[in-house]
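Work through the exercises below with the sequence and the coordinates at hand. Each task is followed by a solution in steps.

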Amino acid sequence: MELTELSMLALGEKLGSGEASSVEAVRASLDRIERLDGKVKAFLHVDRAGALVQAEAADRRRKDGRRAGPLDGVPVGLKDLFLTEGLPTTAGSRILEGFIAPYDGTVVKLLRAAGTPILGKLNMDEFAMGSSTENSAYFPTRNPWNLETSPGGSSGGSAAAVAARMVYGALGTDTGGSIRQPAALTGTVGLKPTYGRVSRFGVVAFASSLDQVGPMTRNVRDCAALLQAIAVPDPCDSTSAPLKAPDYLAEIEAGVKGMRLGLPREYLELPGMDAEVRAAVEGATRALERLGATLVPVSLPHTRYALATYYLVAPAEASSNLARYDGVRYGLRAGDVKNLLAMYGRTRDQGFGLEVKRRIMLGTYALSAGYYDAYYLKAQKVRTLIKQDFVEAFRSVDAVLAPTSPTPAFRIGEKVSDPLAMYLNDVFTLPCNLAGLPGLSLPCGFTRAGLPIGLQILGRPWDEARVLRIARAFEREHDFDRRSPPLGAG
Amino acid sequence: MSVSDFQPVIGLEVHAQLLTRSKIFCGCSTEFGAPPNAHTCAVCLGMPGVLPVLNEKVVEYAVRVGRALECRINPVSIWARKNYFYPDLPKGYQISQYDQPLCEHGVLEIDTEDGPRRVRIRRIHLEEDAGKNVHDAGGGESLVDLNRSGVPLVEIVSEPDIRSSTEAAEYLKALRDVLVYLGVNDGNLEEGSFRCDANVSVMRKGSSQYGQRVELKNINSFRFVQKAIDYEIGRQVELIESGGKVAQETRLFDAVRGETRSMRSKEEAHDYRYFPEPDLPPLRIPEGYVERIERALPELPRARLHRFTASYGLPAYDAKILVGDRALADLFEKVQSAYGGPAKKLANWFTGELLRLLKEENAELGALRFSPEQFAGLLKMVDAGELSNNAGKDVFAEMFRSGRPPGDIARERGLVQVQDSGAVEAAVDAVLAANPGEVEKYRAGKKQVFGFLVGQVMKAMKGKGNPALVNAALKAKLGD
Amino acid sequence: MSLTLEEVRHVAGLARLSLSAEEEALMRTQLSAILDAVAELSRVDTSKVEPTSHAAGEVPPWRSDEVRPSFPPEKALGNAPGKVGTSFAVPKIIE
């Protein structure tokens, strides 16, 4: 079997036993990247030299009998909004073109400590704003399952790289669905942890109260292992909870017998749901029922307001977070400007793409004098109601099941000029971010056209272990984690 | 109509830097005077991906200030983002407090010519300082130094209770003294660690309608505060009397011309788009925290001043000098307690010799070589006549430099005055015998000869005669 | 449309975005549509609800007042588009 076909944990085991070396694993990935990424275009930057140096170090540790852990030597990729010292970090934007990160973010430090060589930086919608990776200022990434379609976004590069086996695992971020939706569209596993579970220090911020870092992998156990490596309280992040993470693999095979799983009525009523998606998700819920769970109808009455709430809160926070991109201390600075005001205006107009500008404008408006109460404040209040819906639902169920994306992968170019149509991609994923809950997507079927469909599992705060356990129970009864996109030539 | 027909109404906003070692949201040093951008990190540079983490000392100092000014400390207060663009503001927003500040509803009592006045404190909140812009005369560019970015500030906002420029200056001095006493600020207006903006309006006396207020910025000395406010009051009155209306604006004080000038009016009046800072949880003060800080509060300057004049009976002038420096006042009380003699005498030594030597030797009160007991001992020796005043000063200077006991120094130098009346009388006898002519002159009425005779006795006693004894003995023997 | 061109220009000014005339027109249309869509929030009864200003549940402790190493000048200014010595340099502020 090709090295690149192995899961993270399986590779980790081979590295541990000495059957393979990390250098070989990195080389295999780099070869595959060279062969496939011309078509997939998942990478913004490949760090050949750095990854090999890190792989050599991993191999030395193994020889000395001091492996850093089960993932030591397993190569990964990082969405390009993680600050990686000495490497470019663009957040998919021109305004950070050429920016070399002067420090490692916390999660990057944790991965280095875990020993995972970093193969490179992965493409994304600019500043994480988008659901298709078409908003990348550089180029769109293609879905390995059908290169005419989008892999979703904003962590589209990460999802595509994992699906195409160019990396063994990756990290993404999720603000409104940006890990889960691309995972669903690419047939991979993606988890957004509870808000506060993983540090945001060193992650280019989009919406501070919604952003979370999470693992994107080929299967559920890998997801648990990668989460384990990064779920560490961080004194550099005041929103990072001082809670020790449990052992995510400990109970992961324990199954779903006796669990109560909620089916939110309002999700099935949302407009625009593709019939095949609906059928696959319903099939998945029945499969879990056969495995011993009880399906319970629940109501999340404020679901219909989640889109509006999100599209006021997130842009408002983003408009403030993106004010630092002003051409003064780093990044792009417009040339030929006569004064400071012109420098600001031209730098930001040239450096930001249309979607980013749109959201900055929306957010600025929502916070501006005279509109704050009606827009931002109102949205934050409705957000509380959306949270309360879940609190109420979790009285009677242990987790909630839902589709991840209303449609399978759509054609590149299809939705990009209609922002509202694009925003609808996130209707199922947004509420989870607004409520701060953990949410996971894993493959549960395929359309007739061969495009993956994702099942979403939402849990109580801090209950990632249960979410992973439910996902694993489903996964091991099916073979979705062993299906690979038909990319041809290996 | 004239200025006297109008009542000035003044409110003051002070931004004071807190003397923590590190910045409010990161670990960079707050030390002044480093080369540009030497004390910066990813956080205070506003790099992508950074997050703020609160310095515990900042909270402690702010609560000290709040309680010293009798404010209510809100158990929960909220951080807010104040959004605007400027090169010295790296994130494009300042982390401050808007709704629900840390402290509210306090008071600072000041002394005015008309007696004490209570100036109410509306609120005190925490925020981060911005960096510095320097306009580079040569290149037509601006240079940005972010060393100051992230230094912790308290903003202290008074109600518009102040009624004249003199009161304003009094308030600022009193406030500065409190902050310095608390050890949270160094009170340096010129270096910018204590900054003041004034809100000034005028209203016709007897009217109940407040006038339009104008904000004055860039006031960086106590002298300028009065000038700026007086100028502005005059300007507003003149404007109103000539039929004009005072515009709502911000004006800068031009110290060279002694006038206030309008800052370029901005089409968008500042819309700071305040919203709660999502990267920081609400600031929760733990149970018992405020009480603990209160118990450790020092006696504040004004209360101490009153005690020094009332209990020690010191004149206001002396008391002010002593109380002006907390460590000096502390030392005074220690020495006085060991001395027990007239406090005014000790005060003279403090305002005279001690301050002079501190300045000359460039020394610090915290590093004195002698003890309060030794100082007290020296004064007792002078009171008892063992040392003349001048000899005492010499001994003090030596004690200051070496820390050796005053008695040892005096004896070594042979400065101890002869108290023995027998020896004095013998010397007087000898001098009178050697100067019969002068004795004659004195007895004939030329009293000024007395001084010469005293001098001769002192010379004969090698300066060690106790002057009081010498005088008495001479007079007695001259038959006066 | 919910937004006037004046309002678009005002907001663009607050956000320091020098939009072209086409961008202004596009923003006006698209932002108006979005604002219309989010207007439905006004129908929700939030009279008894507090806003979710902070997403984090558990809260970490404060930091101790210790000085930690700062960036050396190469790091602080390494990405600077304009600098003079160890200062950032920007075009003059006309005021």
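**Exercise 1. The contact of chain C with chain A**

How much area do chain C and chain A bury between them, and what percentage of it lies on carbon and sulfur atoms?

Solution. The model is a predicted one.

Step 1. About 5,000 Å² is buried between chain C and chain A, with 69% of it on carbon and sulfur atoms.

Step 2. Count the residues: 51 from chain C touch 65 from chain A.

Step 3. Look for the main contributors in chain C. C:Leu41, C:Thr52 and C:Asn79 provide 13% of the area that chain C buries against chain A, more than any other three residues.

Step 4. Turn to charged and polar pairs. There are 2 salt bridges between chain C and chain A. C:Glu23 forms a salt bridge with A:Lys357, and their closest N and O atoms are 2.6 Å apart. Residue pairs in polar contact between chain C and chain A, both at pLDDT 80 or more, number 16.

Step 5. Assign the chain C side to secondary structure. H1, helix H2 (21–38) and E2 of chain C each contribute at least two residues to the side that touches chain A. H2(C) has the largest share, 10 residues.

Step 6. Sort that side of chain C by class: 33 residues are nonpolar, 8 polar and 10 charged.

**Exercise 2. The contact of chain C with chain B**

Describe the contact between chain C and chain B in the same order of steps.

Solution.

Step 1. Chain C and chain B bury about 3,400 Å² between them, and carbon and sulfur atoms carry 59% of it. The contact draws on 28 residues of chain C and 52 residues of chain B.

Step 2. In chain C, the residues that lose the most area to chain B are C:Trp62, C:Arg63 and C:Asp65, which together make up 25% of what that side buries.

Step 3. Between chain C and chain B the salt bridge count is 0. The count of residue pairs in polar contact, both at pLDDT 80 or more, is 18.

Step 4. Helix H1 (5–14) and strand E2 (87–91) of chain C each supply at least two residues of the side that touches chain B. E2(C) gives the most, with 5 residues.

Step 5. By class, this side of chain C has 14 nonpolar, 7 polar and 7 charged residues.

**Exercise 3. A sheet with strands from two chains**

In what order do the strands of the open sheet of 4 strands stand, and with what pairing?

Solution.

Step 1. The order is E8(B)-E9(B)-E2(C)-E1(C), and the pairing is antiparallel.

Step 2. Find the edges. Strand E8 (132–136) of chain B and strand E1 (83–84) of chain C each have a single partner strand, so one side of each has no neighbour in the sheet.

Step 3. Examine the pairing across the chains. Strand E9 (residues 141–145) of chain B pairs with E2(C) in the antiparallel sense over 4 bridges. Opposite B:Glu141 stands C:Pro91 in E2(C).

Step 4. Examine the pairing within chain C. E1(C) and E2(C) run antiparallel and are joined by 2 bridges. C:Val84 has C:Ser87, in E2(C), as its bridge partner.

**Exercise 4. The fold of chain B**

Why is chain B described as more spread out than a compact globule?

Solution.

Step 1. Chain B has 15 helices and 16 strands.

Step 2. Its radius of gyration is 31 Å, well over the 23 Å that the globule rule gives for 480 residues, so chain B is more spread out than a compact globule. The C-alpha trace of chain B spans about 95 × 55 × 55 Å along its principal axes.

Step 3. Trace the open sheet of 9 strands in chain B: the order is E2-E6-E7-E10-E1-E11-E12-E13-E14, with mixed pairing. Strand E2 (72–73) and strand E14 (259–262) of chain B are the edge strands, each pairing on one side only.

Step 4. Take one pair from this chain. Strand E1 (residues 6–17) and strand E10 (residues 152–158) of chain B run antiparallel, joined by 5 bridges. B:Ala16 has B:Val154, in E10(B), as its bridge partner.

**Exercise 5. Backbone geometry in chain A**

Where is the residue A:Ala91 found, and what is its phi?

Solution.

Step 1. Most residues other than glycine have a negative phi, and most peptide bonds are trans.

Step 2. A:Ala91 is found in the loop between strand E2 (76–79) and helix H4 (106–114) of chain A. Its phi is positive, about 55°, although A:Ala91 is not a glycine.

Step 3. Check the peptide bonds as well. The bond from A:Gly153 to A:Ser154 is cis, with omega near 10°. A:Ser154 lies in the loop between strand E3 (118–122) and helix H5 (156–163) of chain A.

Methods. Residues numbered from 1 in each chain as written. Chains lettered and ligands numbered in written order. Predicted model: local features only at pLDDT ≥ 70, side-chain atom pairs only at ≥ 80, totals over all residues. Heavy atoms only, no water. Contact = heavy atoms within 4.5 Å. Buried area = accessible area lost by both parts, 1.4 Å probe. Salt bridge = Lys/Arg side-chain N within 4 Å of Asp/Glu carboxyl O. Polar contact = N/O pair within 3.5 Å; in protein donor to acceptor, adjacent residues only side chain to side chain. Nonpolar A, V, L, I, M, F, W, Y, C, P; charged D, E, K, R; others polar. Pairing = 2+ DSSP bridges. Rg over C-alpha atoms; globule rule 2.2 N^0.38 Å.
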